[in-house]
Structure formats: structure tokens, C-alpha cells
Amino acid sequence: MGLSTRLNSILKMIDGQYDHIWDCCCDHGYLGQAILQAKPEAKVHFLDVVESITSKLEKHLASNNYSTERWQVHCEDLQRLRLPHPENVTNIQHRHLLIIAGVGGDLTLDMVQAVLQNNLDCHIDFLICPVRQLHKVRSGVKALGLGLVNEKIVKDGGRYYEAIHLSTLSEDDIPVVGGSMWDLAKGDHQEYLRQNISHYQRMQAQGNENARNILAEYMSLQELSA
Ligand SMILES: C[S@@+](CC[C@H](N)C(=O)[O-])C[C@H]1O[C@@H](n2cnc3c(N)ncnc32)[C@H](O)[C@@H]1O
């Protein structure tokens, strides 16, 4: 099974010791299966809201040789998820990494917010890779009190994505237009920045009130690199 460049980049960004890694909105479950191989210390959870997807995936995983203690399939709305607590253990927190990739920015933000609200007593890391609306997602997760761990620009199939690792335990600022992910010596990064600038120039021309400020933030990245 060959992972796409996008999913492979997300896999490579999983850094740290996690007891539970969640392939949320897993669909085909390719990412979770690669994590099963790459992270033998973690239990991998495959979660999707569509029953036909999860039942097919469960059969597929059961026909492979992984111990059933290493994985679990959940047919559930991520916005209702309650993370499991360790049994018979006090004062020890299980570490959870929730990966949310391949869904739109609005839904990604709603999901992160709901997971935090429904699991107030947990330390949670998120690795998100939304489709579009990156500025809105970044502003939103920042307002939710999350901190940055790592961020990368990923180009796959001629399209750009941002993979963003966040944590309830991090106090590092989340730059709303991205920070350390940019290497403007690279042609791809220059192209991605130009795409963002053109997008907000069009929004501004259409009379969008917020576009001016967002555009200025992206333009300042360009000026920094000049
Ligand atoms: C385009 S697929 C993404 C697959 C994979 N994560 C990727 O990045 O390639 C989106 C999946 O999100 C699932 N989904 C949408 N809303 C959901 C929700 N509220 N809870 C759980 N899964 C959801 C859909 O059923 C679908 O399988």
C-alpha cells in the first residue's frame, strides 16, 4: 500500500510517545494502517461516521496479523467522541494524538472545538491537515488555546496543504499565516505564498472586509524574504 505524499508527510510528522493515535475521518484507513506499522508502541484507533466504511475496514484489519489489542475501529461522529481513560490508574494521563486530515477547514475547526469541549480533563495533541480555509482554522485553533508543535507545507498532486501539529500542552504561538513552515528560498513555497496573496487580493476586490488584514499578513511574509 503506497501512501500519498500528503499522508506520508503527516506520518513523518508524528513525533513523540503516544498511547493512542486516532486516524479520525479515516475513510480508507491508509494512514492508520501505516501508523500500525510505524508506531508499534501506540494503539491505533480508526474512526469514521459512516458505518459501511468502518465495517469494511474492520474486516480488512481483522484479516491481517495485527494483535487486536493494537487497533480499534469506531463508527462514531468525531464531534461526540469521549476519549478513553486509563483503568484503575490515578494521576496518569494517557497521551492521545488525533489526526484530522482531508476534511474542509470549517469542519476541522468544529471537530477540534468539540473534542476539546467533550474531553476537558485530557491532554490532547492534534495533527490537522485541512482542505482550504487555513487562515480561519489557524485563527480558530489559536483562540481555542492550543499551541503549536510543528508545521509543514506539503505539495501533493499539484496542490498545497499545511500539516499542523498542535497541543493543549504547548504554549508556542500559532502564526495565523504560518511561520517556521515557510522556506521562501524554495520555488514551491514562493508559489504557495503567491496563491494565497492572489486569493486574498480577489476577496478584497470583491469587497470582503477581512481580506485586507489577512492580505497584509501574507504580504509581510513576502517582504521578510525579500
Ligand atoms: C475525504 S475523507 C478523508 C480521508 C483521509 N482522512 C484522508 O485524509 O485521505 C473524509 C472522511 O471524513 C468522514 N467524516 C465526515 N464527517 C465526520 C464526522 N463528523 N465524524 C467522523 N468522520 C467524519 C467521512 O465519512 C469521510 O470518510
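Let's start on the outer face of helix α7: turned away from its buried side, this face carries the exposed residues Arg212, Asn213, Glu223 and Leu224. Here, exposed means over 50% relative accessible area, buried under 20%, and partly exposed in between, with a 1.4 Å probe and protein chains only. The model is predicted, so local features need pLDDT of at least 70 and side-chain atom pairs count only at pLDDT 80 or more, while totals for chains, interfaces and linings use all residues. Residues are numbered from 1 along each chain as its sequence is written, and side-chain values use heavy atoms, with hydrogens and water left out.

Helices (H or I, at least four residues) and strands (E, at least two) are DSSP runs numbered from the N terminus. Helix α7 spans residues 211-225, and its 15 residues reach 22 Å from first C-alpha to last, close to the expected 21 Å; that expectation is 1.5 Å times one less than the number of residues.

Now turn to the other side of α7, where Ala211, Ile214, Leu215, Tyr218 and Leu221 are buried. They sit on the same side of the helix because they cover an arc of only 110 degrees around the axis, taken from the directions from the helix axis to the C-beta atoms. An α-helix has 3.6 residues a turn, so residues three or four places apart point the same way. The buried residues of α7 pack against α5 (134-143) and α6 (187-205).

From Tyr218 we can step into the largest nonpolar core. Such a core is a set of buried Ala, Val, Leu, Ile, Met, Phe, Trp, Tyr and Cys residues joined through side-chain atoms within 4.5 Å. This one has 41 residues, and those touching the most other members include Tyr218 and Trp182. The core draws at least three residues from each of domain 1 (5-175) and domain 2 (182-226), with bounds from an automatic or database domain assignment.

Trp182 is worth a pause. Beyond four places in sequence, its contacts (heavy atoms within 4.5 Å) include Tyr218 and Leu221 of the chain, along with His189 and Tyr192. His189 lies in helix α6 and is buried, with a relative accessible area of 8%.

Trp182 and Tyr192 are both buried. Rings of Phe, Tyr and Trp (its six-membered ring) pair if their centres lie within 6.5 Å; planes under 30 degrees apart count as stacked, over 60 as edge-to-face and the rest as tilted. Trp182 and Tyr192 are stacked, at 5.5 Å centre to centre and 25 degrees between the planes. Ring pairs also link Tyr160 with these two into a cluster.
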